[in-house]
Amino acid sequence: ALSKGSVPMLQAFSMLQCAIGDDGCIALAQAINMVNVPKLNELVLGTKISDRGAIALGNMLERGDMPQLDWLDLRGCCKLGNVGAMALVKGIRNSCHNVSTFVLTDTAVTKEEALVREMVKVRNAFRSRASQSAMNKRHQKQQEFYLPFYLPSA
């Protein structure tokens, strides 16, 4: 059994080639909630996740269980639609302020006004934080959303 603080050095977790589905994604979200993973900055999941798994992951993100998350990749989850994408975007917007790469290519996500609006809010908040950070560090990180559609440029 995992105990709090048992994986403090874990930085990347990938299950891209695994057949993790909704139940596995829900179990992973519950495990991350119980285990301290302060350095986890890359999460890449398999292709069998639908809205149900994405909602669990979004809730986990919103709790702030992965404060250093930089890369979230759910490419190829062909059953993941706008409901799950919205949960993920809200989780990122509310608690995962370091996310610079968010991949939802080859999913069932479509260009819906409410979802685009939320994604633009996340992008603009990231740009604002990156700009403030750049003033201090002379380094500006770019945020990339890999989506089945383009976001407005402004």
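**Figure 1. The whole chain, in this predicted model.** Strands here are DSSP runs of at least two residues and helices are runs of at least four, both numbered from the N terminus. Counted that way, the chain has 4 helices and 5 strands. Walk along from the N terminus and the elements read β-α-β-α-β-α-β-α-β. The chain has 154 residues, and 44% of them count as buried. As for contacts, take those between residues at least 6 apart in sequence: 85% of them join residues at least 24 apart.

**Figure 2. A look into the second largest pocket, with strand E5 in its lining.** Which element gives the largest share of this lining? That's E5, with 3 residues. Helix H4 (113-137) also gives two or more residues, as E5 does. The volume of this second largest pocket comes to about 260 Å³. Its lining takes in Arg123, Arg127, Gln142, Gln143, Glu144, Phe145, Tyr146, Leu147, Phe149, Tyr150 and Leu151. Sorted by character, the lining splits into 6 nonpolar, 3 charged and 2 polar residues.

**Figure 3. Phe102 and Phe145 as an aromatic pair.** The structure holds 1 aromatic pair. Phe102 and Phe145 sit edge-to-face, with 5.6 Å from centre to centre and 75° between the planes. Planes over 60 degrees apart are called edge-to-face, so that's the label this pair gets. Phe102 belongs to strand E4 (residues 101-103) and Phe145 to strand E5 (residues 144-146), so the pair ties together parts that lie 43 residues apart in sequence. Are these two rings' residues buried or exposed? Both Phe102 and Phe145 are buried. Phe145 also turns up in the lining of the second largest pocket, shown in Figure 2.

**Figure 4. Gly46 and the residues around it.** Gly46 is in the loop between strand E2 (42-44) and helix H2 (51-62). With a relative accessible area of 0%, Gly46 is buried. What does Gly46 touch, once residues up to four places away in sequence are set aside? The list is Met15, Leu16, Cys18, Ile20 and Cys77. Take Cys77 from that list: its C-alpha atom is 7.1 Å from that of Gly46, though the two are 31 residues apart along the chain.

**Figure 5. Cysteines without a disulfide.** How many disulfides does a search of the whole structure find? The count is 0. Cys77 is in no disulfide, and the nearest cysteine sulfur, that of Cys78, is 7.8 Å away. A disulfide would need the two sulfur atoms within 2.5 Å, so 7.8 Å rules this pair out. Cys77 is buried, at 0% relative accessible area. Cys18, on the other hand, counts as partly exposed, with 37% relative accessibility. Both Cys18 and Cys77 are among the residues that Gly46 touches in Figure 4.

**Figure 6. Arg52 on helix H2.** Arg52 has its place in helix H2, the helix that follows the Gly46 loop of Figure 4. Its relative accessible area is 45%, so Arg52 falls in the partly exposed class. Which residues is Arg52 in contact with, leaving aside neighbours within four places in sequence? They are Asp22, Asp23 and Ile26. Lys79 makes another reference point for this view: C-alpha to C-alpha, Arg52 and Lys79 are 9.7 Å apart in space, and in sequence they are 27 residues apart.

How values were computed
Residues numbered from 1 in each chain as written. Predicted model: local features only at pLDDT ≥ 70, side-chain atom pairs only at ≥ 80, totals over all residues. Heavy atoms only, no water. Phe/Tyr/Trp six-rings, centres within 6.5 Å; stacked < 30°, edge-to-face > 60°. Buried < 20%, exposed > 50% of the residue type's maximum accessible area, 1.4 Å probe, protein only. Contact = heavy atoms within 4.5 Å. 1 Å grid on protein atoms, 1.4 Å probe; cavity = no way out; pocket = protein on both sides within 12 Å on 5 of 7 lines; lining within 4 Å. Points joined across faces, edges and corners; volume = space filled by probe spheres on them. Nonpolar A, V, L, I, M, F, W, Y, C, P; charged D, E, K, R; others polar.
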